[in-house]
Amino acid sequence: MPPPFYSSEDFPWTTWFLTQFQDVERETIALNRGMTPLHSRMTPLYARYTEIVSGMPLEDPRWFARTFIFFTIKNSIVLSAAPTTSSLLAKVPGIVSAVLLRLDGGVHLQPHRGYTPDVLRCHLGISVPEPGKCVLRVANERRAVTFRKRTSTPEHALASETPT
């Protein structure tokens, strides 16, 4: 069984995001400002997939997403709004999807599994208001949201336990 979390040292491309962190942070915060609730701009298929996986109603205004890449389909509008992030994503070997997700305080995405055990997920905490209050749980292990990698095989969940 693969470990729930991997070290960033196992994947040299992760350091690119860390060395360019200030630019990535600036771009994602700018994208974050214009975010609207998920249900307002999704195709029906993606909306249903997201609602099933997250366990959250799409009408809930406390969580938002911007999709850079969805199953290799590139969102040119979002990618062009974040040139540094886009150039880094383009260099990630075998990238399938990349999403900017914002969880407001009190949001808990239900435990779920990835669609295949062949995908490695990477989470980068951009703006974490209270360290230790935003957590990623994989299998039975919980960690504060930071730059971590994990397989999508084990059940996992994400939560913002900051005040609402």
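## Proline 2 and the start of the chain

Proline 2 is partly exposed, because its relative accessibility of 32% falls between the limits for buried and exposed. The residue belongs to the segment that comes before helix α1, which spans residues 14-19. This description rests on a predicted model.

Although proline 2 and proline 117 are 115 residues apart along the chain, their C-alpha atoms are separated by 9.8 Å.

## Overall make-up

The protein chain contains five helices and eight strands. Along the sequence these elements follow the pattern α-α-α-β-β-α-α-β-β-β-β-β-β.

Of the 164 residues in the protein chain, 39% are buried. Contacts between residues at least 6 apart in sequence can be sorted by separation: 71% of them join residues at least 24 apart.

## The three-stranded sheet

Three strands make an open sheet with antiparallel pairing, in the order β2-β1-β3. Strands β2 (73-74) and β3 (98-103) each have a single partner strand, so they stand at the edges and one side of each has no neighbour in the sheet. Strands of a sheet pair through backbone hydrogen bonds, either parallel or antiparallel.

Strand β1 covers residues 63-70 and pairs with β3 over six bridges, in the antiparallel sense. In this pairing alanine 65 is opposite leucine 101 of β3, and isoleucine 69 is opposite alanine 98 of β3. On the β2 side, β1 makes an antiparallel pairing over two bridges. Isoleucine 69 takes part here too, standing opposite lysine 74 in β2.

The link from β1 to β2 is a hairpin with two residues between the strands. Phenylalanine 71, in the turn, has a positive phi of about 50 degrees. Strand β1 is mostly covered, with seven of its eight residues buried.

## Helix α2 and what it packs against

Helix α2 is formed by residues 21-33 and lies across β1 and β3. The helix runs at about 65 degrees to β3.

Glutamine 22 is located in helix α2. With a relative accessible area of 66%, glutamine 22 is exposed, because the value is over 50%. Isoleucine 126 is 104 residues from glutamine 22 in sequence, yet the two are 9.6 Å apart in space, C-alpha to C-alpha.

## Helix α5 and its neighbours

Two packed helices are described by the angle between their axes and the distance between the axes. For α2 and helix α5, which spans residues 83-91, the angle is about 115 degrees and the axes are 8 Å apart. On the α2 side the contact is made by Asp23, Val24 and Glu27, and on the α5 side by Pro83, Thr84, Thr85 and Leu88. Sorted by class, the contact of α2 with α5 has three nonpolar, two polar and two charged residues.

The buried residues in α5 are Thr84, Thr85, Ser86, Leu88 and Leu89. These buried residues of α5 pack against α1, α2, β1, α4 (76-81) and β3.

## Aromatic pairs

The model has four aromatic pairs. One of them joins tryptophan 13 and phenylalanine 17 in an edge-to-face arrangement, 6.5 Å centre to centre and with 80 degrees between the planes. This counts as edge-to-face because the planes are over 60 degrees apart.

Tryptophan 13 and phenylalanine 17 are both buried. Ring pairs connect these two residues with Tyr6 and Phe11 in a cluster.

## Cysteines

The structure has zero disulfides. A disulfide is a covalent bond between the sulfur atoms of two cysteines.

Cysteine 122 has a relative accessible area of 32% and is partly exposed. Cysteine 134 is buried, because its relative accessible area of 11% is under 20%.

Terms used
Residues are numbered from 1 along each chain as its sequence is written. This is a predicted model: local features need pLDDT of at least 70, side-chain atom pairs count only at pLDDT 80 or more; totals for chains, interfaces and linings use all residues. Side-chain values use heavy atoms; hydrogens and water are left out. A disulfide is a pair of cysteine sulfur atoms within 2.5 Å. Buried means under 20% relative accessible area, exposed over 50%, partly exposed in between (1.4 Å probe, protein chains only). Two strands pair if DSSP finds at least two bridges between them. Helices (H or I, at least four residues) and strands (E, at least two) are DSSP runs, numbered from the N terminus. Contact means heavy atoms within 4.5 Å. Axes are lines fitted to C-alpha atoms, for helices over the stretch in contact, and angles run from 0 to 180 degrees between N-to-C directions. Ala, Val, Leu, Ile, Met, Phe, Trp, Tyr, Cys and Pro count as nonpolar, Asp, Glu, Lys and Arg as charged, and the others, Gly among them, as polar. Rings of Phe, Tyr and Trp (its six-membered ring) pair if their centres lie within 6.5 Å; planes under 30 degrees apart count as stacked, over 60 as edge-to-face and the rest as tilted.
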